[in-house]
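Please open the structure in your viewer and keep the sequence panel beside it. The tour below goes from one selection to the next and says what is to be found at each stop.

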Amino acid sequence: MRKKLVVGNWKMNLLRNEGISLVNNILKNISVDISVNIVLAPSFLHLYKVSKMTSDLTYLSTSAQDCSLNSNGSFTGEVSAEMIFSCGAEYVILGHSERRSNFQETNRELRTKTSEAISNNLNVIFCCGESIKQRKDNTYFDWIKSQISEGLFHLSASDFANIVIAYEPIWAIGTGTNANSRQAQEVHEFIRTLVEEKYDKNIADNTSILYGGSCNSANAIELFSQNDVDGGLIGGASLDYNEFISIINSF
Ligand code: PEP
């Protein structure tokens with residue numbers, strides 16, 4: 001059965017003490033018998049500390065927000081997938097729209113990053129999603145198909161078991177306007193069908209597909225109740241432990 005996941009993407013927020021305090025508040029207030037897997041994605045600098053703080057908890061893991069294309073060597077400022085794994089993380093987010101637009105990340109680069117991550121034992125949370133123009137022009141299915149097929153479909157079936165897909169319409173990220181549950185379900189079902197066509201039904205049924213984009217405690221229950229929505233990738237609302245825990249409790 002596929003995993004239910006709620007991922008908190010802290011982006012470039014929270015100083016060390018603020019991050020520690022957020023993790024402590026989550027741990028203090030979360031019910032221990034939750035059926036959801038939680039993933040926290042702090043900055044690289046805080047990854048080791050947050051991984052240490054949560055290492056005893058089977059339901060909580062950590063993620064990086066990106067990794068290098070390269071394995072090691074003269075790439076000043078870069079962080080490799082192997083380094084991320086060595087700091088205790090189990091996941092890496094790849095292809096976030098902010099990286100695609102601010103750092104011109106291409107599907108071709110993401111294809112390499114995905115392979116790099118998987119060969120270093122990381123699970124990948126692979127982001128895709130359309131702009132407002134593509135939604136209005138009705139070209140969003142083609143766009144999402146190209147992001148997924150070019151970024152992921154070089155993987156073998158066994159490697160694909162390490163992939164989580166996050167549908168994040170760009171027009172919904174940080175805007176306060178989420179995709180409604182019908183829009184989210186439509187795209188999630190489309191993505192699951194793409195995976196089934198490429199691999200098989202069993203793999204498609206076992207792939208977690210998350211929704212991201214202004215998801216909060218007010219809309220999570222409705223979004224997570226959709227057949228093909230297996231959780232959320234949460235930005236702004238993951239920085240407030242009350243809000244984040246309410247989202248986790250929305251299943
Ligand atoms: C994100 O950046 O992945 C995201 C979903 O942000 P927000 O929840 O703030 O829209």
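Begin by selecting strand β1, where Leu-5, Val-7 and Asn-9 point one way and Val-6 and Gly-8 point the other way, and where all of them are buried, a word used here for a relative accessible area under 20%, with exposed for over 50% and partly exposed for what lies in between, computed with a 1.4 Å probe and the protein chains only. The model is a predicted one, in which local features need pLDDT of at least 70 and side-chain atom pairs count only at pLDDT 80 or more, while totals for chains, interfaces and linings use all residues. Residues are numbered from 1 along each chain as its sequence is written, and side-chain values use heavy atoms, with hydrogens and water left out.

Stay with β1, which covers residues 5-9: five of its five residues are buried, so the strand is largely enclosed by the rest of the structure. Strands here are DSSP runs of E with at least two residues, helices are runs of H or I with at least four, and both are numbered from the N terminus. Now add strand β2 (residues 37-41), which runs parallel to β1 and is joined to it by five bridges; two strands pair if DSSP finds at least two bridges between them. To see one of these bridges, select Gly-8 together with Leu-40, its bridge partner in β2.

Next, select Thr-62, which lies in strand β3 and is buried, with a relative accessible area of 2%. Its side chain and that of Ser-51 are joined by a polar contact of 2.8 Å, meaning a pair of N or O atoms within 3.5 Å, where within protein one must be able to donate a hydrogen and the other to accept it, and residues adjacent in sequence count only if both atoms are side-chain atoms.

From there, move to strand β5 (residues 123-128), in which six of the six residues are buried, so that this strand too is largely enclosed by the rest of the structure. Asn-123, Ile-125 and Cys-127 are buried on one side of β5, and Val-124, Phe-126 and Cys-128 on the other, so to speak covering both faces. Which strands pair with β5? Strand β4 (residues 91-94) runs parallel to β5 and is joined to it by four bridges, and strand β6 (residues 163-167) also pairs with β5 in the parallel sense, over five bridges. Select Val-124 to see both pairings at one residue, since its bridge partner in β6 is Ile-163, and Val-124 is itself the bridge partner of Val-92.

With Val-124 still selected, add Gly-77, which is found in the loop between β3 (60-64) and α3 (81-86) and counts as exposed at 75% relative accessibility. The C-alpha atoms of Gly-77 and Val-124 are separated by 21 Å, and the two residues are 47 residues apart along the chain.

Now select the ligand, which is surrounded by 14 residues, the closest being Lys-11, His-96, Glu-168, Gly-174 and Ser-214; a residue is near a molecule if one of its heavy atoms lies within 4 Å of it. The shell divides into four nonpolar, eight polar and two charged residues, where Ala, Val, Leu, Ile, Met, Phe, Trp, Tyr, Cys and Pro count as nonpolar, Asp, Glu, Lys and Arg as charged, and the others, Gly among them, as polar. A polar side-chain atom of Lys-11 lies 2.5 Å from an oxygen atom of the ligand, an N or O atom in the side chain of Glu-168 is 2.7 Å from an oxygen atom of the ligand, and a backbone N or O atom of Gly-235 lies 2.9 Å from an oxygen atom of the ligand. On its own the ligand has 290 Å² of accessible area, of which the protein covers 94%, with areas taken from the Shrake-Rupley method and a 1.4 Å probe.

Keep Ser-214 from this shell in view, and find it in the loop between β7 (209-212) and α11 (220-224). Its phi is near 55°, a positive value in a residue other than glycine, and Ser-214 is buried, with a relative accessible area of 17%. Then go to Asn-121, in the loop between α5 (107-119) and β5, which has a positive phi of about 70° although it is not a glycine. Is Asn-121 buried or exposed? Asn-121 is exposed, with a relative accessible area of 52%.

For the last stop, turn to the aromatic rings, of which the structure holds seven pairs. The rings of Tyr-140 and Phe-141 have their centres 4.6 Å apart and their planes at 35°, so this pair is tilted; rings of Phe, Tyr and Trp (its six-membered ring) pair if their centres lie within 6.5 Å, and planes under 30 degrees apart count as stacked, over 60 as edge-to-face and the rest as tilted. Tyr-140 counts as buried at 5% relative accessibility, whereas Phe-141 is partly exposed, with a relative accessible area of 23%. Add Phe-190 to the selection to complete the view, as Tyr-140, Phe-141 and Phe-190 form one aromatic cluster.
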